[in-house]
Amino acid sequence: MLARLIAYPPEQPAIVRQVRPGEVLRIGRAPGSGLRIEHASVSRNQAELASDDDGWRLRDLGSKNGSFADGHRVEPESRLVAACWLRFGDVHVEFSPLSEAEFAAEERGRQNRRAVATAHTARIERLTRLGDLLDATLHSVLELAQCRRGFLLLAQGDDFSVGSSLSLDTQRLAAREFCGSVGAVRRTLAQRTPIVVNDVEREGWLSSRASVAQAGIRALVCLPLLEGERVLGAVYADRTDEGAAITTLDLELLQAFTEHAAVWIAARQASEQLERPAPQWAPIVAAHAGAA
């Protein structure tokens, strides 16, 4: 029997690892770990997963904050006979035995997602109107992130405005008003790096915000749109229902896609600015100064 682990570090994409019988998976913060979890609560050499004739066993390697299987401390070893939740320090990890067919299906799924991302990139390169490009970029991010609602924000002076908004449940949102997490957008733009949250309830800086709670947001991703050192804006996506985790592979594909999109957005902006005055959108980040 094969196995899969999905680790959920805070404010990071989920990390997926598949393990075959006979392999030994080292888990920890140390470089070279088979499942490397970069979180302060995880020891450099946290635990080890291996198989024998009776199935899978998890061994703690003397970690500082302990290893747990379904809430029970691993001291020093535990048998994993069925799907369960593991915890290393403060990081939760989903363990699932897999059949050969399930293992192969997941690999095909990863290959398909790469092909889909390539197709999305090729599609936006053919669009000549800025509005069409913004809409297509946002729709692609929603599909790649497996989210239901999103906003593409464009820099406008010292603020940002909604260039495109979309809900896959109701198609285009009725008004171009941002109603996601301004806090996530601010972090993304300040750090110029993506923000990924797979479980909003575990993130105090998000779950405590009234706007996030009222919207029922459960997961989100926000990526900066950069042309060199210039910030063009950001792409934000979220969902209110349960769904597949946003993984390191998803983030890799999203970053590659948005890097290409930013180049084309900058080119289309320059072209359209030569043809007509820039559209007047209402600023959104400053207007939501007290929002999440």
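Trainee: Which strand gives the most to the lining of the largest pocket?
Mentor: This is a predicted model, where local features need pLDDT of at least 70, side-chain atom pairs count only at pLDDT 80 or more, and totals for chains, interfaces and linings use all residues. Residues are numbered from 1 along each chain as its sequence is written, and side-chain values use heavy atoms, with hydrogens and water left out. Strands (DSSP runs of E, at least two residues, numbered from the N terminus) β1, β11 and β14 each supply at least two residues of the lining (residues with an atom within 4 Å of a point of the pocket, an open set on a 1 Å grid where a 1.4 Å probe fits, with protein on both sides within 12 Å along at least five of seven lines). The most, three residues, comes from β11.

Trainee: Is Asp238 buried or exposed?
Mentor: Asp238 sits in β16, residues 230-239, and nine of the ten residues of β16 are buried (under 20% relative accessible area with a 1.4 Å probe, protein chains only). Asp238 has a relative accessible area of 1%, so Asp238 is buried.

Trainee: What stands opposite Asp238 in β16?
Mentor: Look at β12, residues 149-156, which runs antiparallel to β16 and is joined to it by six bridges (DSSP must find at least two for a pair). The residue opposite Asp238 is Arg149.

Trainee: Which residue takes a positive phi in the hairpin of β15 and β16?
Mentor: β15, residues 219-227, pairs antiparallel with β16 over nine bridges, with Pro224 opposite Ala234. Two residues lie between the strands of this hairpin, and the one with a phi near 65° is Gly228.

Key: Buried means under 20% relative accessible area, exposed over 50%, partly exposed in between (1.4 Å probe, protein chains only).
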